[in-house]
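Reader: Please take one part of this structure and go through it closely. I would like to hear about the aromatic side chains and how their rings are placed.

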Amino acid sequence: MIVNNWQGWIGILVGMVALFGPWPAAQAQTQKIRISLSSRSNTNTSYYVAQAKGMFRDEGLEVEFVQINPRLGAMAVLNGDVTFTTSFVSTFRGVVQGLPMKTVFILLKKGLYYLMVRPEVIKDVQELKGKKLGVTAINGGDHIIGRELLRMKGIDPSTVQAIAVGDPSLRFQAVVTGIVQAVSVPPPYDLQLQNMGLKAVSGPPEIGVPSSGLFAADRVIKENPQVLRRTIRALLKANRFLEANREETIRIMSQYVPQKLDLAARSYDVELKTLAKDGTMTDAEIEGQMERLADKKRPLDEVRDFSFARAAWKELEAGK
């Protein structure tokens, strides 16, 4: 019933989302797929590399990225409007609650975040009590991590009001204009805000949840496993490339996410070190995320299927 109720809206939203990035020309005998991304972010670097270096094309795929609110990505997958979605927190929570889909790939195991404020407004982090924190969505990834960043400084997160603002550009505007007094952001947005006069009052050590992955409907896993296998092979090739080619990866990052090269370089150095090279997490890590993000538990085999990632990793290791 949930899927049916959203079906009309998802069709409209997907038709209106912003498409971005340089796309290869349609080629014969390639299969077109759509992957939803929640925003233009460096957390999606493996996807950008796979597109820019023709790794999707080499696997017989013509990939179109669409931008969809993270809360709606899962419904777009289930309705068939997109083939895969990448937003971790909201999708994973939906899977644990019973949506017929699975986690099939992990890009970054832990997202690095910073709590940013205007220093002329918030002179000490304790002054955030009773103030507003701008987040993408309530109980989304940046909200969950924002609460942890507050706890790191001895602040009870319940004393800070979370306000759902939207993507990074909207959060920037909200904190600069004073609608909110703090925002929780990953690189390179922390440096962009520093250049605008803001400062970080809390940040790493590394905390947080996976910031990007790949989720597929059970139907696709069963009926079209070759598309899933080829998509994952392309992403594993991208992971290998970006680890071995820092400068070219930084250039690709700056093309897909508008940013200066030095900002992309810092993001590469601090954020991509949490890359899951083989695209998987351990069962213990998945169990931990269920405890952290959901109010119930579900059998692991109903939540994750890393068999395609493991098989593709073995193929690449063997040089196939």
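Author: In this predicted model, a good starting point is Tyr-47, which counts as buried because its relative accessibility is 0%, under the cut-off of 20%. Tyr-47 sits in helix α2 (residues 45-52). Phe-65, in strand β2 (residues 61-67), is buried too, with a relative accessible area of 0%.

The structure has 6 aromatic pairs. One of them joins Tyr-47 and Phe-65: the ring centres are 6.3 Å apart and the planes stand at 90°, so this pair is edge-to-face, as planes over 60 degrees apart are counted that way. The two residues are 18 residues apart, and their pair links distant parts of the chain. Ring pairs also bring in Phe-56, which forms a cluster with Tyr-47 and Phe-65.

Helix α2 also holds Tyr-48, whose partner Tyr-256 lies in helix α11 (residues 246-256). Here the ring centres are 4.8 Å apart and the planes meet at 15°, so the pair is stacked; the cut-off for that class is under 30 degrees. Because Tyr-48 belongs to α2 and Tyr-256 to α11, the pair ties together parts that are 208 residues apart in sequence. Tyr-48 is buried, with a relative accessible area of 0%, and Tyr-256 is buried as well, at 1%.

To put the two pairs side by side: Tyr-47 with Phe-65 is edge-to-face, whereas Tyr-48 with Tyr-256 is stacked.

Definitions and conventions:
Residues numbered from 1 in each chain as written. Predicted model: local features only at pLDDT ≥ 70, side-chain atom pairs only at ≥ 80, totals over all residues. Heavy atoms only, no water. Phe/Tyr/Trp six-rings, centres within 6.5 Å; stacked < 30°, edge-to-face > 60°. Helix = DSSP H or I, 4+ residues; strand = E, 2+ residues; numbered from the N terminus. Buried < 20%, exposed > 50% of the residue type's maximum accessible area, 1.4 Å probe, protein only.
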